Amino acid sequence: MLSFQQLVSITQGRLVQFVQDWPVVHLLTDSRKLSQPAGTLFFAIPGKYNDGHKYLAQLYAQGVRQFIVDVQQTEELAQQYPEANILQVQRSLAALQAVAAWHRQQFTIPVIGITGSNGKTIVKEWLAQLLSPDELVVKSPRSFNSQVGVPLSVWQLNSNHTLAIFEAGISQPGEMEKLQQVIQPTMGIFTNIGNAHDEGFSSRQQKVQEKLELFKGTDLLFYCADYELLHEAIEATQLKAFSWSRSGKAADLVVSGITTAGHRTIVVYTYKGKKQRLAIPFTDEASLENALHCLAVLLYRNFPLAEIQDRLDRLQPVAMRLEMKEAINGCYLIDDTYNNDLAGLAIALDLLASQPPRSGHTLILSDLLESGMQEQDLYRQVAALIEAKGVDRVIGVGKTIQKHAALFNGRCTCYSSTAEFLEQFEAGSFRNEVILIKGARVFGFEKIVHAFQQKVHGTVLEVNLDALVHNLNFYRSKLASETKLMVMVKAFAYGSGSFEVANLLQFHQVDYLAVAYTDEGVSLREHGITLPIMVMNPSPDSFAKLRQYSLEPEIYSVELLESFIASSDPGILDKIHLKLDTGMHRLGFTASDFDVVFELLQKNPQVRVVSTFSHLAGADEALHNDFSQLQIATFRELSAEIEARLGYPVLKHILNSAGIVRFPEHQLDMVRLGIGLYGVEATGAEQEALRPVSILKTTVSQVKQIAKGETVGYSRKGIADSDKTIATIAIGYADGYDRRFSNGQGEVSINGKRMPVIGNVCMDMCMIDVTGLDVKAGDEVVVYGPQLTLVELAQKIGTIPYELLTNVSTRVKRIFYSE
Ligand SMILES: *Cc1c(COP(=O)(O)O)cnc(C)c1O
């Protein structure tokens, strides 16, 4: 086992402080993912948007005692953390990679490294499915293929594994060399080459060369010779390769026939001079390519044909993301039914732990398969993980977990099979809990998900939680370290779902939330949100509720202040926020109110001002820069006067999302982030840096042919100027699909093609002209998403993205997911 002292030579670091030689069991790079402090080594890694060094104090308080840092000033660290081992290195990330590379060298098993533009994760998962009957496979969890993800994947290797499969992804030159040193693959798969991350490289050739670095020391490289660029580059190296082709190229495996038969694809191929046929249980292009890579590996390993067919038949699609959805009796599901190993369980439990408790956290868990560990050790680790993540109730499904139920301190109810669980399933015994459903494929847990799920109406808004975090971090990177962050979650978090978004923000430790109305704040509190919350439009009849739920009102007029004071109790402190009108002319005090305001506040010290703020009217447009500057100057002056007259400091804030980008020098004490979090950069200058957060999707209900001259929809507005194919889709203005999209103003994307609206948008549906496109009932329709952006759609009908976002009706189901 690795000990702290060994790290000095492995990382070529300098010991800042050495207390005791503890073993290094867990590697940690994200403070929120801490599970067992003892044995954890934390790497403080500075990132583009965040810096691991900010979390040392918190981790120390939680019991972590081993740190690797790359800051210069280390004397203070030793004083601050007297009981910790601290090692200083040149770059923490390089140290993490060096530690993983060292770990990799302790093993001599075959290691398959996979890279390429697409399909890495699927090929990895499928190979594991196909080979695991004979091998104990360790693999990258989900798509852990980055500079940080790869070392963490490799760290899982233990002496029971017989085969490792790791994926590697890069976006810049120089990165693959490092991943090669960590993975040290003995065999490789280069899936394909496409345009992903082209921008990071001078040419496609350079990208290929860079990716080939992974295979430097391999004995054999599998690839598809039909990618010309790839083929040439590999031919030019000394690498021993196993190639396959479906376009008649000379290759080790030549595919000569591909036909679909129902849900299967029949493949005819020649290998070692023999012509054979096999069926692959998928029909789409991407799956076919992925399966052919796997076939090449199976053939190379000399599996008999019947065995290959048998294993291919059992291939399962790979869910690429964790989904969260509403379920029966106020429950909330985290659906992760595609695999179940220790690393995957840890990731899913992190997501569960980040949810507010509601009435409890429940885990439904199947047997874990192929961990390479002794059963007893494995379930002891599972139990420790569950304990560390604060799970309240565990339901075990499977004979093995049942056998080890005693390890779970009486918290685990077990069933021998999914069928037995479903037989005894009583919906009434689950209420307001967050339920993580985590099972290996063979357990068919989708049946359990189904039993819990509410009916889904055809239209859904999918919200990408990772994109939200990315955007949050982008704005955080613009802030000075002492600037606080208030996030606006008014209007159902700009339509994205208040509680879920607020919960994520709480987990990511923003300082304040703001809502428009008291009821919105109450609902957040009822869902377990404990952050301070400002209410922007508190009506006097809601003051009692405000106090009951510790919500803080925005006070904007003398009348409102008077009535708030009248309802206050001199013995109980109330926090308020003073809104100033500096030119928006919506709500707020002006200087002429000050005498009255301060007299009232002086007489009523139980009402304490915690912040004062104002709002910019035109921060999104450069045209209004002078006016914005004037507003800022006025605010600085008035807020200084407020502090002087109150005699105590208050938080001062004026910047919204656009302001953060445009006037970074005026952050003051806090900023108020709104639309930017949801993926729209209002000034337009840095739109590229944000990720789109939501995709609005619906389905085709019916397809019909109409003849030239016929009309479509109400008022007969859609006139067919030729014979047409029309698709009716399940979204209308009552769902938030604006009626201004009628008659060709709007477009939706069906099967990847943009198609115009024909006729008027109806209340619950609208019609799309799909002439020339292969469309059938049930097909998915994207109303907006990464390819059809909110900004573009808003422009089409002369509005702003804010309106489109907030218009999505609450009857549209929100699905939250993490990649
Ligand atoms: C909505 C709102 C914000 C956020 O504005 P964005 O343009 O969405 O960033 C900030 N401050 C106040 C007072 C608001 O009402």
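This briefing covers the ligand site of a predicted model and then a set of individual residues. The model is predicted, so local features need pLDDT of at least 70, side-chain atom pairs count only at pLDDT 80 or more, and totals for chains, interfaces and linings use all residues. Residues are numbered from 1 along each chain as its sequence is written, and side-chain values use heavy atoms, with hydrogens and water left out. The ligand occupies the second largest pocket, and the protein buries 94% of the 390 Å² that the ligand exposes when taken alone.

**Ligand site**

- The shell around the ligand consists of Met488, Lys490, Tyr494, Met536, Arg586, His615, Asn656, Ser657, Arg672, Gly674, Ile675 and Tyr802; a residue is near a molecule if one of its heavy atoms lies within 4 Å of it.
- By class, this shell holds five nonpolar, four polar and three charged residues. Ala, Val, Leu, Ile, Met, Phe, Trp, Tyr, Cys and Pro count as nonpolar, Asp, Glu, Lys and Arg as charged, and the others, Gly among them, as polar.
- The side chain of His615 places an N or O atom 3.3 Å from a nitrogen atom of the ligand.
- Two backbone positions approach ligand oxygen: a polar backbone atom of Ile675 is 2.7 Å from an oxygen atom of the ligand, and a backbone N or O atom of Gly674 is 3.2 Å from an oxygen atom of the ligand.
- The ligand exposes 390 Å² on its own, of which the protein buries 94%. Accessible areas come from the Shrake-Rupley method with a 1.4 Å probe, and for residues only the protein chains shown count as cover.
- A pocket is defined on a 1 Å grid over the protein atoms alone, as an open set with protein on both sides within 12 Å along at least five of seven lines. A molecule sits in a pocket if more than half of its atoms lie within 2 Å of its grid points.

**Polar contacts within the protein**

- A polar contact is a pair of N or O atoms within 3.5 Å; within protein, one must be able to donate a hydrogen and the other to accept it, and residues adjacent in sequence count only if both atoms are side-chain atoms.
- Thr799 is in the loop between helix 26 (790-796) and helix 27 (801-807). Helices (H or I, at least four residues) and strands (E, at least two) are DSSP runs, numbered from the N terminus.
- The side chains of Thr799 and Glu803 are joined by a polar contact of 2.5 Å.
- Thr799 counts as buried because its relative accessible area is 14%; buried means under 20%, exposed over 50%, and partly exposed in between (1.4 Å probe, protein chains only).
- Ser366 belongs to strand 17 (residues 361-366), and its side chain reaches the backbone nitrogen of Ala440 at 3.0 Å. With a relative accessible area of 0%, Ser366 is buried.

**Positive phi outside glycine**

- Gln184 is not a glycine, yet it has a positive phi of about 45 degrees. The loop between helix 7 (175-183) and strand 9 (187-190) contains Gln184, which is buried at 19% relative accessibility.
- Arg716, also a residue other than glycine, has a positive phi near 50 degrees. Arg716 sits in the loop between strand 31 (711-712) and strand 32 (718-719) and is exposed at 56% relative accessibility.

**C-alpha separations**

- Val757, in strand 35 (residues 753-758), is buried at a relative accessible area of 3%. Its C-alpha atom is 9.5 Å from that of Ile726, with the two residues 31 apart along the chain.
- Ala250 is in the loop between strand 11 (241-245) and strand 12 (253-261) and is exposed, with a relative accessible area of 70%. Ala250 and Asp226 are 24 residues apart in sequence, and their C-alpha atoms are 9.9 Å apart.
- Ser592 is part of the loop between strand 26 (574-579) and helix 23 (594-603) and is exposed at 63% relative accessible area. The C-alpha atoms of Ser592 and Gln702 are separated by 63 Å, for 110 residues along the chain.
- Val607 is in strand 27 (residues 607-613) and is buried at 2% relative accessibility. Between Val607 and Gln17, 590 residues apart along the chain, the C-alpha separation is 49 Å.

Notes
1 Å grid on protein atoms, 1.4 Å probe; cavity = no way out; pocket = protein on both sides within 12 Å on 5 of 7 lines; lining within 4 Å.
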